[in-house]
Amino acid sequence: MTASAEKYTRQTLLDVQPLTPSLFTLRTTRDAGFRFRAGQFARLGVTKADGSTVWRAYSMVSSPFDEFLEFFSIVVPGGEFTSELSRLGEGDTLLVDRQAFGYLTLDRFVDGHDLWLLATGTGLAPFVSILQDFEVWEKFERIILVYSVREAKELAYQQLLAELRERDYLAEVAHKLQVITTVTREQHPGSLNGRITHLLESGELERAAGIELSAEHSRVMLCGNPQMIDDTRALLKQRDMHLSLTRRPGQVAVENYW
Ligand SMILES: Cc1cc2nc3c(=O)[nH]c(=O)nc-3n(C[C@H](O)[C@H](O)[C@H](O)COP(=O)(O)OP(=O)(O)OC[C@H]3O[C@@H](n4cnc5c(N)ncnc54)[C@H](O)[C@@H]3O)c2cc1C
Ligand SMILES: NC(=O)c1ccc[n+]([C@@H]2O[C@H](COP(=O)([O-])OP(=O)(O)OC[C@H]3O[C@@H](n4cnc5c(N)ncnc54)[C@H](OP(=O)(O)O)[C@@H]3O)[C@@H](O)[C@H]2O)c1
């Protein structure tokens, strides 16, 4: 099969940055023909020593306008894909499916005043992409990013998030964003200390944000741990907030990572 007929392209790793022993970010070249919407994911492939290729879904962290692709990855002990991925370094090859996938995108919502982005762990990735794209800042009056990790050292992209307000194209809208971090397995100054589900149930999340989460005004994106997503969806259902579907627009959009 010729390269152009293949379903994927070969991209080169430009940079790999460890955050903790089990979390790292990676940047690759981007094929000029690879298009995506902020919030979508790519299928990445690594070739193993026996010549076989393993594929996994990865949300883009980078914006649709960046010339490179960036990803944020866990290392699963003994994981088939991440064991290989975490061995790669600058100059190595990563396969990227030509097509981008996924519905964790702003076109899920036809209206709404406040956007709540709720992430656990590496589920932060698509929200960093969304926040780097201008659309979200035009569409919503308030944006509340809630990011839950076990330990403070796992809080990724804090500098990028803090520096969004310094980007010229966001100067007049950056005040719309509030970042709420929650660290669940230790106390951390400046962060809440509880699961997103518990913070929602107790009302602490709304108190911290200073606004009410309601079906009328709020739209919610959930990404990461599937149990967090199921449990949060159940809590939102009690507030009459439902999954947004093409045939029935709603208030909630989700991406399960496993
Ligand atoms: C739509 C989509 C987007 C995804 N985007 C990302 C991403 O941006 N970054 C990323 O690191 N992973 C992401 N994942 C997960 C990713 O596809 C793989 O599961 C992950 O790379 C582990 O692969 P593995 O073969 O090493 O282990 P697997 O055999 O795939 O997973 C083994 C177990 O590890 C745990 N696990 C898997 N992924 C994660 C994770 N991200 N965080 C915590 N625990 C996990 C689960 O318990 C899972 O059952 C995404 C998954 C989906 C479906
Ligand atoms: N060896 C290490 O040092 C190390 C470090 C990190 C991760 N890991 C491994 O990596 C894997 C995933 O770890 P992760 O921390 O990225 O993901 P995770 O287990 O999904 O945890 C990320 C955040 O989500 C919260 N959470 C988990 N389940 C939830 C639920 N049902 N409802 C609401 N919130 C929920 C966690 O809170 P809680 O803290 O309350 O669970 C934590 O704040 C695990 O298999 C773990 O063993 C290993």
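The legends below describe close-up views of a predicted model.

**View 1. Division of the protein chain into two domains.**
The protein chain of this predicted model is divided into domain 1, residues 5-97, and domain 2, residues 106-255. The centres of domain 1 and domain 2, taken over C-alpha atoms, are separated by 24 Å. To the contact, domain 1 contributes 22 residues and domain 2 contributes 18 residues.

**View 2. The antiparallel sheet of six strands.**
Six strands make up an open sheet, and their order across it is S4-S3-S6-S1-S2-S5. Pairing in this sheet is antiparallel. S4 and S5 are the edge strands, each of them pairing on one side only. From one strand to the next, the twist averages 35 degrees.

**View 3. Pairing of strands S1 and S2.**
Strand S1 covers residues 8-20 and strand S2 covers residues 23-29. Six bridges join S1 and S2 in the antiparallel sense. Val16 has Leu26 in S2 as its bridge partner.

**View 4. The parallel sheet of five strands.**
A further open sheet consists of five strands in the order S9-S8-S7-S10-S11, and its pairing is parallel. Strand S9 (177-183) and S11 occupy the edges; each has a single partner strand, so one side of each remains without a neighbour in the sheet. With direction ignored, neighbouring strands of this sheet are turned against each other by 10 degrees on average.

**View 5. Strands S10 and S11 with helix H7.**
Strand S10, residues 218-224, runs parallel to S11, and the two are joined by five bridges. Met221 is placed opposite Ala253 in S11. Helix H7 packs on the sheet, where H7 touches strand S7 (114-120), S10 and S11. The direction of H7 makes about 160 degrees with that of S10.

**View 6. The largest pocket, set between the domains.**
The volume of the largest pocket is about 1,200 Å³. Domain 1 (5-97) and domain 2 (106-255) both supply residues to the lining of this pocket, which therefore lies between them. The lining is made up of 38 residues. Nearest the centre of the pocket lie Ile74, Gly121, Thr122, Asn225 and Trp258.

**View 7. Elements and residue classes in the pocket lining.**
Several elements each give two or more residues to the lining of the largest pocket. The strands in this group are S4 (53-59), S5 (68-74), S8 (142-149) and S11 (252-256). The helices in this group are H1 (80-85), H5 (196-202) and H7 (226-237). S4 gives the most to the lining, with four residues. By class, the lining residues comprise 15 nonpolar, 15 polar and eight charged. S4 and S5, the edge strands of the antiparallel sheet, thus appear again here among the lining elements, as does S11, which stands at an edge of the parallel sheet.

Note on methods:
Residues are numbered from 1 along each chain as its sequence is written. Chains are lettered from A and ligands numbered from 1 in the order in which they are written. This is a predicted model: local features need pLDDT of at least 70, side-chain atom pairs count only at pLDDT 80 or more; totals for chains, interfaces and linings use all residues. Side-chain values use heavy atoms; hydrogens and water are left out. On a 1 Å grid over the protein atoms alone, a cavity is a set of points where a 1.4 Å probe fits but cannot get out, and a pocket is an open set with protein on both sides within 12 Å along at least five of seven lines; lining residues have an atom within 4 Å of a point. Grid points are joined across faces, edges and corners, and a volume is the space filled by probe spheres set on the points. Ala, Val, Leu, Ile, Met, Phe, Trp, Tyr, Cys and Pro count as nonpolar, Asp, Glu, Lys and Arg as charged, and the others, Gly among them, as polar. Domain bounds come from an automatic or database domain assignment. Two strands pair if DSSP finds at least two bridges between them. Axes are lines fitted to C-alpha atoms, for helices over the stretch in contact, and angles run from 0 to 180 degrees between N-to-C directions. Contact means heavy atoms within 4.5 Å.
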